[in-house]
Amino acid sequence: MVSGKHIRIERKLGDRDYHCRDLISKNLVMAHVESPYLPVFREKGGYQEENDQCHFLVRTPEGYSCVVYNTRPLSCREFKCCRMRIYRGANNLAGTIKGRRSLSTTEPDLEKLWNDRIRLLGIEEDGQWDMKVKSVLEDAGYTVELYNS
Ligand code: SF4
């Protein structure tokens with residue numbers, strides 16, 4: 001998931017279809033809000049002109065999701081900056097997981113937990129790996145936010 005500032009909505013075609021300009025690749029893309037996300041997308045107000053974040057990012061009980069995942073712009077497909085944020089307590093950012101499975105942290109405790117309990121997990125499927133890592137981190141007292149795109 002990348003910063004939504006690189007996506008400019010050029011035209012709204014109904015309440016779930018948008019012509020968007022990907023300002024990085026310069027491509028024009030038709031983004032379609034997927035049915036399972038329509039209620040939460042509508043609930044958050046849909047497309048909002050003044051919104052600073054990407055219009056298509058929603059929060060669900062499982063974490064953050066892209067409501068146009070299958071029609072997301074090229075630069076979103078090619079670049080995944082953050083798949084998980086790890087907090088000590090509610091608000092102190094302790095680390096992020098970037099790319100597929102790389103931890104970025106300056107906290108020795110989190111780094112040790114990562115090396116001892118997570119780095120060598122033999123789980124290939126990304127969704128299962130996310131849930132296992134979330135559970136290990138939460139057992140150790142961290143709060144985890146997942147980004148699902
Ligand atoms: S991946 Fe989806 S939510 Fe993230 S910036 Fe792209 S369109 Fe927006």
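A quick definition to start: strands here are DSSP runs of E, at least two residues long, numbered from the N terminus. Two of them pair if DSSP finds at least two bridges between them. The model is a predicted one.

User: Which residue takes a positive phi in the hairpin of S6 and S7?
Analyst: Let's start with the strands themselves: S6 covers residues 84-88 and S7 covers residues 92-98, and five bridges join them in an antiparallel run. One of the bridge partnerships is Tyr87 with Leu93 in S7. Between the two strands sit three residues, and the positive phi, near 75 degrees, belongs to Gly89.

User: And in the hairpin of S7 and S8, which residue takes a positive phi?
Analyst: S7 also pairs with S8 (residues 102-105), antiparallel again, over four bridges. Here Lys98 stands opposite Ser102 in S8. This hairpin has three residues between its strands, and the one with a positive phi near 60 degrees is Gly99.

User: Which strands are the edge strands of the open sheet in the order S1-S2-S3?
Analyst: Three strands make up that sheet, and the pairing is antiparallel. An edge strand here pairs on one side only, and that picks out S1 (7-12) and S3 (28-32).

User: By how many degrees are neighbouring strands of this sheet turned against each other on average?
Analyst: Take the sheet in its order, S1-S2-S3. Ignoring direction, the average turn between its neighbouring strands is 35 degrees.

User: What is the bridge partner of Cys20 in S3?
Analyst: S2 spans residues 17-22 and runs antiparallel to S3, with five bridges joining the two. For Cys20, the partner in S3 is Val29.

Methods
Residues are numbered from 1 along each chain as its sequence is written. This is a predicted model: local features need pLDDT of at least 70, side-chain atom pairs count only at pLDDT 80 or more; totals for chains, interfaces and linings use all residues. Axes are lines fitted to C-alpha atoms, for helices over the stretch in contact, and angles run from 0 to 180 degrees between N-to-C directions.
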